[in-house]
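User: I would like to go through the contacts in this structure, beginning with the interface and then turning to charged pairs. Please reason briefly before each result.

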Number of protein chains: 2
Amino acid sequence: LAADARTVRELFVTAHAAERETDLLRRAAAADIRVTLVTDAVLAELAETVTPQGVVAVVAVPSTTLRSVLDRRPRLLVVLVGAGDPGNAGTVVRTADAAGADAVVLTGGSVDPYAGKCVRASAGSIFHLPVIAGVALDDVLAGARDAGLQILATTVEGTAVDTLGERLVRPTAWLFGNEAHGLPAAALAAADESVRVPIHGRAESLNLAAAAAVCLYASAGAQRR
Amino acid sequence: LAADARTVRELFVTAHAAERETDLLRRAAAADIRVTLVTDAVLAELAETVTPQGVVAVVAVPSTTLRSVLDRRPRLLVVLVGAGDPGNAGTVVRTADAAGADAVVLTGGSVDPYAGKCVRASAGSIFHLPVIAGVALDDVLAGARDAGLQILATTVEGTAVDTLGERLVRPTAWLFGNEAHGLPAAALAAADESVRVPIHGRAESLNLAAAAAVCLYASAGAQRR
């Protein structure tokens with residue numbers, strides 16, 4: 001199950017899932033979490049998906065601020081500027097978690113990270129690290145700079161990420177733009193460097209989540225070597 | 001548009017798209033490709049998607065064999081073993097193209113790479129490099145070995161990809177397993193090495209397409225340095 005016992009408020013399960021998830025229900029009982037048996041039809045409605053897993057948890061949305069994240073001196077920050085696809089955004093959250101990032105920030109105009117499709121694509125990671133939505137781009141840029149982070153903006157041009165070498169050791173905020181429109185001029189202007197994932201074949205570009213995986217793992221590798 | 005003029009057999013466009021895509025229609029006329037004006041409703045039906053772009057092309061599915069790919073001495077081969085999600089498979093094709101891979105092979109039991117969702121996720125890349133479906137796993141493994149490729153199997157355990165160093169310079173076939181079940185034992189047993197993308201945070205795993213991006217770009221970087 002995605003969420004911690006700390007954040008789960010209530011569980012809905014089908015009879016079929018209840019037979020399978022005995023350990024989950026035992027833990028819910030121990031944590032005094034209310035469990036309600038529902039039919040498959042009710043569960044499907046609750047889960048907002050055509051192939052639900054038989055369990056729906058009502059969880060508290062974690063509340064964190066950009067300020068509190070920056071105060072903890074992050075070394076790897078992921079900033080989605082105007083992300084338009086919830087599946088992509090969720091996958092980036094999952095990848096950021098895997099790469100050991102400190103937080104994911106979505107600027108105003110991005111998708112809601114707590115929408116069902118995004119939560120599912122995050123595979124639970126949205127509850128593992130701070131995910132802060134609706135922040136003004138200027139505030140992220142100024143905050144990241146004040147916290148001593150270098151700002152790397154991903155574009156189709158710029159420096160190839162695999163040639164950045166030791167520059168990736170520094171604490172970094174990575175900016176990723178909208179799938180169709182890329183980053184706004186203000187983000188590019190504020191960045192310390194524009195960075196691209198090199199395209200060796202005939203693809204015009206990489207999917208946002210794939211590009212983020214390459215960039216974030218490049219940082220993680222350099223910072224943890 | 002995704003496909004080359006070589007592979008396009010026919011075009012369907014809405015009146016609105018025709019006004020916008022004057023260059024496309026000029027190229028279609030020059031290549032003697034039949035163009036049919038259709039209503040938005042007909043186009044939506046043809047496009048099998050809720051947000052079509054106003055143009056549908058009928059294209060010939062390229063036919064390539066594993067044999068012909070291996071005969072050309074590939075340096076980077078992507079093998080999806082039992083891939084279950086068409087969106088993931090299409091994104092891997094796009095990433096393979098971007099990383100300069102020579103071909104993508106899907107073993108029997110994988111999704112159909114020419115299904116609409118997979119083609120869309122590939123963003124045209126499915127027409128850029130050979131994509132071969134329905135190959136028996138044993139044939140891929142034996143063929144790759146005969147062609148002098150090392151076989152790297154991705155698992156949640158194994159050697160961290162960022163510690164492989166010079167070993168990634170060798171011509172390589174990367175094996176990626178099913179999203180839920182991973183690689184079958186036969187694939188792991190046949191591989192020269194099991195490789196993992198290290199998980200630094202609390203995520204249980206990476207999305208298939210994100211893991212493929214990290215692995216394929218690690219190979220591309222080593223081979224092209």
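User: How many residue pairs are in polar contact between chain A and chain B?

Analyst: The model is a predicted one, and the pairs counted here have both residues at pLDDT 80 or more. Salt bridges between chain A and chain B number 0. For polar contact between the two chains, the count is 18 residue pairs.

User: Which helix gives the most residues to the side of chain A that touches chain B?

Analyst: Two helices of chain A, H5 (86-98) and H9 (208-224), each supply at least two residues of the side that touches chain B. That side divides into 13 nonpolar, 10 polar and 6 charged residues. The most, 7 residues, comes from H9(A).

User: What area is buried between the two chains, and which three residues of chain A supply the most of chain A's part?

Analyst: In chain A, 29 residues are in contact with 29 residues of chain B. The area buried between the chains is about 2,300 Å², with carbon and sulfur atoms giving 58% of it. Of the area that chain A buries against chain B, 27% is supplied by three residues, more than by any other three: A:His200, A:Arg202 and A:Tyr217.

User: By what turn can chain A be laid on chain B?

Analyst: The interface residues of chain A are 100% interface residues in chain B as well, so the copies meet through the same surface. Chain A can be laid on chain B with an RMSD of 0.1 Å and a shift of 0.0 Å along the axis, by a turn of 180 degrees. The copies are thus related as by a two-fold rotation axis, the turn being 180 degrees.

User: How many residues apart in sequence are the parts tied together by A:Asp192 and A:Arg145?

Analyst: The side chains of A:Asp192 and A:Arg145 meet in a salt bridge at 3.5 Å, N to O. A:Asp192 lies in the loop between helix H8 (185-190) and strand S9 (193-196) of chain A, whereas A:Arg145 is in helix H7 (residues 137-146), so the parts tied together are separated in sequence by 47 residues.

User: Is A:Arg27, the salt-bridge partner of A:Asp23, buried or exposed?

Analyst: The closest N and O atoms of A:Arg27 and A:Asp23 are 3.6 Å apart. Both residues lie in helix H2 (residues 22-30) of chain A, 4 residues apart, about one turn of the helix. A:Asp23 has a relative accessible area of 44% and is partly exposed. Exposed means over 50%, and at 52% A:Arg27 is exposed.

Note on methods:
Residues are numbered from 1 along each chain as its sequence is written. Chains are lettered from A and ligands numbered from 1 in the order in which they are written. This is a predicted model: local features need pLDDT of at least 70, side-chain atom pairs count only at pLDDT 80 or more; totals for chains, interfaces and linings use all residues. Side-chain values use heavy atoms; hydrogens and water are left out. Copies are superposed by least squares on the C-alpha atoms of residues with pLDDT of at least 70 in both. Contact means heavy atoms within 4.5 Å. Buried area is the accessible area (1.4 Å probe) that two parts lose on being put together, summed over both. A salt bridge is a side-chain nitrogen of Lys or Arg within 4 Å of a carboxyl oxygen of Asp or Glu. A polar contact is a pair of N or O atoms within 3.5 Å; within protein, one must be able to donate a hydrogen and the other to accept it, and residues adjacent in sequence count only if both atoms are side-chain atoms. Ala, Val, Leu, Ile, Met, Phe, Trp, Tyr, Cys and Pro count as nonpolar, Asp, Glu, Lys and Arg as charged, and the others, Gly among them, as polar. Buried means under 20% relative accessible area, exposed over 50%, partly exposed in between (1.4 Å probe, protein chains only).
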